[in-house]
Amino acid sequence: MKTSTTSTTYEAILKTAYRLFAEHGFDKTSMAIIGKEIGISKPALYYHFKSKEAIIDVLFDEICKSITFVNFFSIEQYSKDNFEEKLIADGLSTIQSQTEDEYYSRIMHQYQALGYRNLKYMQKLIESLDGFTTGFHELLRHGVSIGAVKDGDTLAHAQMLTMIIDSMDNFMTYGFQCRYDKIWAKAVKSIVRGE
C-alpha cells in the first residue's frame with residue numbers, strides 16, 4: 001500500500017520528469033538527473049519506477065488521459081440556442097489549456113518523435129486524435145438532430161475540426177503568431193451555418 005510520503009514522492013518524480021523531459025528531451029534526461037533534481041537517491045527512484053522508460057510510459061498515459069475530447073466538450077451542454085457559441089468557446093478553451101502549460105507542447109513533440117520509432121506511442125497519439133474525431137462527429141450529429149447545425153457531411157467536418165485543433169497546437173509549439181481564435185471561430189461558423 002502506498003503511504004502519503006510514497007505517493008508524494010511518486011508524484012514529485014512524475015512532475016519533475018515531465019519538466020526535465022520537456023526541457024532537455026528524453027535522451028538527455030537520465031534517472032540520476034531526475035533523482036538529483038528531486039533530492040532522492042537512484043535506488044529510491046528505482047523503487048517507484050523500474051526504468052526511465054517506465055516514467056515515460058506513465059507520463060504519456062497521464063497526458064493522454066488529460067487531453068481527451070470529453071475533458072473539453074460535453075455534448076449534453078449543447079443546445080440549439082448555444083451550439084455555435086459553445087463550440088467556439090470550448091475549442092478555444094482546449095487551445096488555451098495547452099498554452100497555459102509551458103512544457104506541454106515541448107513534451108508532446110518528444111512523444112511525437114518517439115512515435116516515429118515506437119509504434120506504441122504512435123498508436124496512442126492516433127487514438128487520441130481519433131477520440132477527437134469521434135467526439136466532434138457525435139457533437140455535430142447532435143447539432144443536426146436539434147436543428148443547430150446544417151445537415152451535411154458531419155464526419156468530414158469532424159475530421160476538419162480535429163485537424164485544425166491539432167495543427168493549431170503544432171503551430172503554437174513552433175511559435176507561430178496566428179489569429180487562432182479567429183481561425184477556430186471561422187471554421188466552426190462555416191460548419192454550423194453550412195457555408
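## Briefing: charge pairs and surface patches in an all-helix chain

E23 and R19 are four residues apart in helix 1 (residues 4-24), and are therefore separated by about one helical turn. The two side chains form a salt bridge in this predicted model, with 3.3 Å between the closest N and O atoms. The structure holds seven salt bridges, and the secondary structure of the protein chain comes to nine helices and zero strands. The points below cover the overall architecture, selected salt bridges, a buried acidic residue and two surface patches.

**Overall architecture**

- Read along the sequence, the nine helices and zero strands of the protein chain give the pattern α-α-α-α-α-α-α-α-α.
- Along the principal axes, the C-alpha atoms of the protein chain fill a box of roughly 60 × 40 × 30 Å.
- The protein chain has 195 residues, and buried residues make up 43% of them.
- Among contacts in the protein chain with a separation of 6 or more, 68% are between residues 24 or more positions apart.
- The accessible surface of the protein chain comes to about 11,100 Å², and carbon and sulfur atoms account for 53% of that area.
- The protein chain carries 22 positive and 25 negative side chains, and the centres of these two sets lie 4 Å apart.

**Salt bridges: the helix 1 pair and its network**

- The salt bridge between E23 and R19 belongs to a network of salt bridges that links R19, E23 and E37.
- R19 has 22% relative accessibility, so this residue counts as partly exposed.
- E23 has 34% relative accessibility and therefore also counts as partly exposed.

**Salt bridges: helix 5 and its link to helix 9**

- The side chains of E84 and R193 meet in a salt bridge, at 2.8 Å from N to O.
- This pair links distant parts of the chain, since E84 is in helix 5 and R193 is in helix 9, 109 residues apart.
- E84 is buried because its relative accessible area is 18%, where the cut-off for buried is under 20%.
- R193, at 41% relative accessibility, counts as partly exposed.
- K86 is found in helix 5 (residues 83-100) and forms a salt bridge with D90, with the closest N and O atoms 3.2 Å apart.
- K86 and D90 both lie in helix 5 and are four residues apart, about one turn of the helix.
- Both members of this pair, K86 and D90, are buried; K86 counts as buried because its relative accessibility is 17%.
- With its neighbours within four places in sequence left aside, K86 is in contact with Q77 and Y78.

**A buried acidic residue without a salt bridge**

- D169 is found in helix 8 (residues 154-173).
- D169 is buried yet has no salt bridge.
- The nearest side chain of opposite charge to D169 is R106, which is 12 Å away; a salt bridge requires a side-chain nitrogen of Lys or Arg within 4 Å of a carboxyl oxygen, so R106 does not meet the criterion.
- Apart from its neighbours within four places in sequence, D169 is in contact with Q98, Y104 and S105.

**Surface patches**

- F171, Y174 and F176 make a nonpolar surface patch of about 350 Å².
- Y174, one of these residues, lies in the loop between helix 8 and helix 9.
- Y174 has 59% relative accessibility and so counts as exposed, the cut-off being over 50%.
- A patch of positive charge on the surface gathers R179, K182, K186 and K189.
- R179, one member of the positive patch, has its place in the loop between helix 8 and helix 9 (180-193).
- R179 counts as exposed because its relative accessibility is 58%.
- The loop between helix 8 and helix 9 thus holds a residue of the nonpolar patch, Y174, and a residue of the positive patch, R179.

Notes. Residues numbered from 1 in each chain as written. Predicted model: local features only at pLDDT ≥ 70, side-chain atom pairs only at ≥ 80, totals over all residues. Heavy atoms only, no water. Helix = DSSP H or I, 4+ residues; strand = E, 2+ residues; numbered from the N terminus. Buried < 20%, exposed > 50% of the residue type's maximum accessible area, 1.4 Å probe, protein only. Lys, Arg positive; Asp, Glu negative; His and termini not counted. Contact = heavy atoms within 4.5 Å. Patch = residues over 30% accessible without salt bridge, like charges linked within 9 Å, V, L, I, M, F, W, Y side chains within 5 Å. Areas by Shrake-Rupley, 256 points an atom, 1.4 Å probe, with all protein chains shown as cover. Charge placed at Lys NZ, Arg CZ, Asp CG, Glu CD.
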